[in-house]
Amino acid sequence: MRHILFTAALLAAASPLAAQTTDESAFSPEQVRAHVEFLADDLLEGRDAGTRGYDIAALYVASRFDALGLTPGGTKGWYQPIEFVRAKFKDGAPATVTIGGKPFVNGSDVMMTAFPREADQLVEAPTVFIGYGLDSPAHGFDDYSGLDVRGKIVVLLYGTPEGRTSSEIAAHLNSEKAKMAARRGAIGVVTLATPKLTGQMPWKRLAAMSASSRYVWVGTDGKPFSSAPEIRATAYAHGPAAEALFAGAPMSWKRVLAAAARKGAMPRGFALKAPVRVERHSVIEKMISPNVVGVIPGSDPALAKEVVMLTAHLDHDGVDPKLEGDKIYNGAMDNAAGIATMLEVARAFAESKQRPKRTVMFAAVTAEEDGLLGSQYLAKHPLAPAGGKVAAVVNLDMPVLTYDFSDVIAFGGEHSTLGPIADRAVARAGIKVSPDPMPEQGVFTRSDHYSFVVEGVPSIMLATGFAGEGREKFMGFLTKTYHRPHDDLSQGFNWQAGAKFAKINYLIAREIADGTEAPRWYAKDFFGDTFAPSQPKAPRPAGTGAR
């Protein structure tokens with residue numbers, strides 16, 4: 001498809017570069033199309049982090065920033081290079097989890113991935129069942145009470161008890177379980193595959209992930225980053241493996257499942273009799289993959305050190321040679337569409353005669369599909385001006401651009417003053433903001449903006465909404481196309497919708513950039529209190545509800 005690649009490059013290069021006043025109706029469907037056609041072309045081979053296809057995509061974004069007159073914002077020109085280690089299992093050395101003397105081969109009824117911090121690993125320890133493994137007494141979770149897990153492997157239920165807290169807080173707590181276990185002195189975590197987990201992802205599909213490579217970025221100390229380095233062994237257990245863990249214990253796995261099935265129930269923990277032995281051998285390789293960063297410096301001396309950051313992940317899932325037929329994960333919607341939105345917003349800022357008061361930074365980040373790694377690195381190694389800070393993040397991830405949407409969803413808007421900012425900006429475009437239609441998914445914790453949330457930065461992400469034909473189109477994409485090879489250019493894109501989505505995000509970013517006050521977390525908000533306890537808070541508007 002070389003002709004598509006060439007045509008897309010010509011269309012993108014045709015953008016006028018001279019500064020001019022940006023009309024809010026001047027967002028270009030043709031520009032959005034050109035960017036998506038280039039980035040989702042087969043020649044980029046799915047833009048997997050660390051591959052030639054990703055590097056071509058990064059060069060494309062850098063060249064667009066350059067053409068628009070942005071300032072390089074990386075540590076190496078346009079780039080913030082990140083060193084990664086990539087681990088995959090060693091051929092001929094099957095990984096095993098032995099439970100009470102019975103070995104289970106990885107990918108059968110146990111699942112674990114290669115380990116990037118130890119090439120050859122053997123960990124053996126006693127086990128303790130700790131319910132859901134939640135250690136947050138302030139929120140009513142105290143699963144470690146009365147249990148000694150020092151030097152042991154904890155065995156815990158996936159997820160959180162139903163109805164005990166909001167889906168977003170539940171998603172955050174679920175992601176913190178390894179850190180909670182480490183604080184209590186554990187050295188390993190085995191997660192039990194509950195019906196809730198297998199309902200979200202069938203065990204066969206989850207077990208197949210054991211063949212995937214594992215990526216971790218390397219810190220300035222030269223060590224692969226881990227938020228819980230004390231935890232050396234992690235695995236999932238299903239069916240017979242879960243039953244083996246509870247052999248001879250006060251309760252069987254069947255009884256534990258029955259107890260956990262009751263709404264809000266929190267099964268209490270107890271010591272198990274079956275020790276666990278984890279053995280795995282990994283091949284560890286190094287690679288470099290960059291974030292791409294462009295900047296428009298702020299015009300107001302008092303505000304220029306505050307950064308409004310727009311993020312979008314540039315990577316996707318690459319090529320799977322084992323697939324029949326189409327083997328390329330083009331990632332047209334996820335997330336060439338988000339990058340195209342970001343580039344169109346950057347064009348609007350660059351061509352406006354009115355420079356933003358705050359600095360605006362555009363970051364195309366790497367390795368989102370590998371665990372939000374590029375954004376995590378950027379959040380922990382910020383590129384704000386000397387003495388400055390990131391004031392807010394607007395994330396652009398997977399707008400579904402197959403219909404003329406009439407509403408948007410502002411994930412995270414209820415947690416900070418970014419919510420009213422989005423409401424006002426969206427109204428100017430003749431669009432409304434709708435409530436989260438799928439709160440059970442915990443979307444706020446699942447994309448690149450969340451890397452900044454955990455560093456205390458108010459953040460928001462917009463998605464095309466569910467009004468009219470929106471629900472059918474959006475859910476159709478999620479169920480039939482998301483993370484599949486046919487997320488490509490055959491989907492029937494509505495490029496006018498792409499231009500409208502870019503306009504909305506520009507209006508939001510513009511209001512943040514020129515506002516008299518930087519966005520603030522609401523008082524008594526879980527995320528603000530957890531990650532930014534010392535920051536000044538805004539009073540919560542009536543009717544939004546504390547979270």
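Phe362 touches Phe65, Leu70, Val292, Val293, Gly294, Ile296, Leu310, Met342, Val345, Ala346 and Phe349, leaving aside residues up to four places away in sequence; contact means heavy atoms within 4.5 Å. The structure is a predicted model, in which local features need pLDDT of at least 70 and side-chain atom pairs count only at pLDDT 80 or more, whereas totals for chains, interfaces and linings use all residues. Residues are numbered from 1 along each chain as its sequence is written, and side-chain values use heavy atoms, with hydrogens and water left out.

**Nonpolar cores**

Phe362 and Leu314 touch the most other members of the largest nonpolar core, which has 79 residues. Apart from this core lies another, of 51 residues, including Ala87, Met180, Ala274 and Phe527. A nonpolar core is a set of buried Ala, Val, Leu, Ile, Met, Phe, Trp, Tyr and Cys residues joined through side-chain atoms within 4.5 Å. Buried means under 20% relative accessible area, exposed over 50%, and partly exposed in between (1.4 Å probe, protein chains only).

**Cavities**

Searching the whole structure yields 2 cavities of 30 Å³ or more. A cavity is a set of points, on a 1 Å grid over the protein atoms alone, where a 1.4 Å probe fits but cannot get out; lining residues have an atom within 4 Å of a point. Grid points are joined across faces, edges and corners, and a volume is the space filled by probe spheres set on the points.

| Cavity | Volume | Lining residues |
|---|---|---|
| Largest | about 40 Å³ | Gln31, His35, Arg64, Leu68, Leu343, Glu344, Arg347 |
| Second largest | about 30 Å³ | Val97, Ile99, Val110, Val190, Ala235, Tyr236, Ala237, Leu245, Val276 |

Two or more residues of the lining of the largest cavity come from each of helix 2 (29-39), helix 3 (52-68) and helix 10 (332-351). Helix 10 gives the most, with 3 residues. By class, this lining divides into 2 nonpolar, 2 polar and 3 charged residues. Here Ala, Val, Leu, Ile, Met, Phe, Trp, Tyr, Cys and Pro count as nonpolar, Asp, Glu, Lys and Arg as charged, and the others, Gly among them, as polar.

The lining of the second largest cavity has 9 nonpolar residues, no polar and no charged. Strand 3 (96-99) and strand 13 (233-237) each supply at least two of its residues, and strand 13 gives the most, with 3 residues. Helices (H or I, at least four residues) and strands (E, at least two) are DSSP runs, numbered from the N terminus.

**Strand pairing**

Strand 13 also belongs to an open sheet of 6 strands with the order 5-13-11-10-7-14 and mixed pairing. Strand 5 (110-111) and strand 14 (270-271) stand at the edges with a single partner strand each, so one side of each has no neighbour in the sheet. Two strands pair if DSSP finds at least two bridges between them. Strand 11 (residues 188-192) pairs with strand 13 in the parallel sense over 5 bridges, and Thr191 stands opposite Tyr236 in strand 13.

Strand 3 runs antiparallel to strand 4 (residues 102-105), joined by 4 bridges. Thr96 has Val105 in strand 4 as its bridge partner. The two strands form a hairpin with 2 residues between them, and Gly100 in the turn has a positive phi of about 60°.

**Helix 11**

Of the 8 residues of helix 11 (residues 373-380), 6 are buried, so this helix is largely enclosed by the rest of the structure. Its buried residues are Leu373, Gly374, Ser375, Tyr377, Leu378 and Ala379. They pack against strand 2 (79-89), strand 12 (214-217), strand 15 (276-296), strand 16 (306-313), strand 17 (359-365) and helix 13 (449-453).

Conventions:
On a 1 Å grid over the protein atoms alone, a cavity is a set of points where a 1.4 Å probe fits but cannot get out, and a pocket is an open set with protein on both sides within 12 Å along at least five of seven lines; lining residues have an atom within 4 Å of a point.
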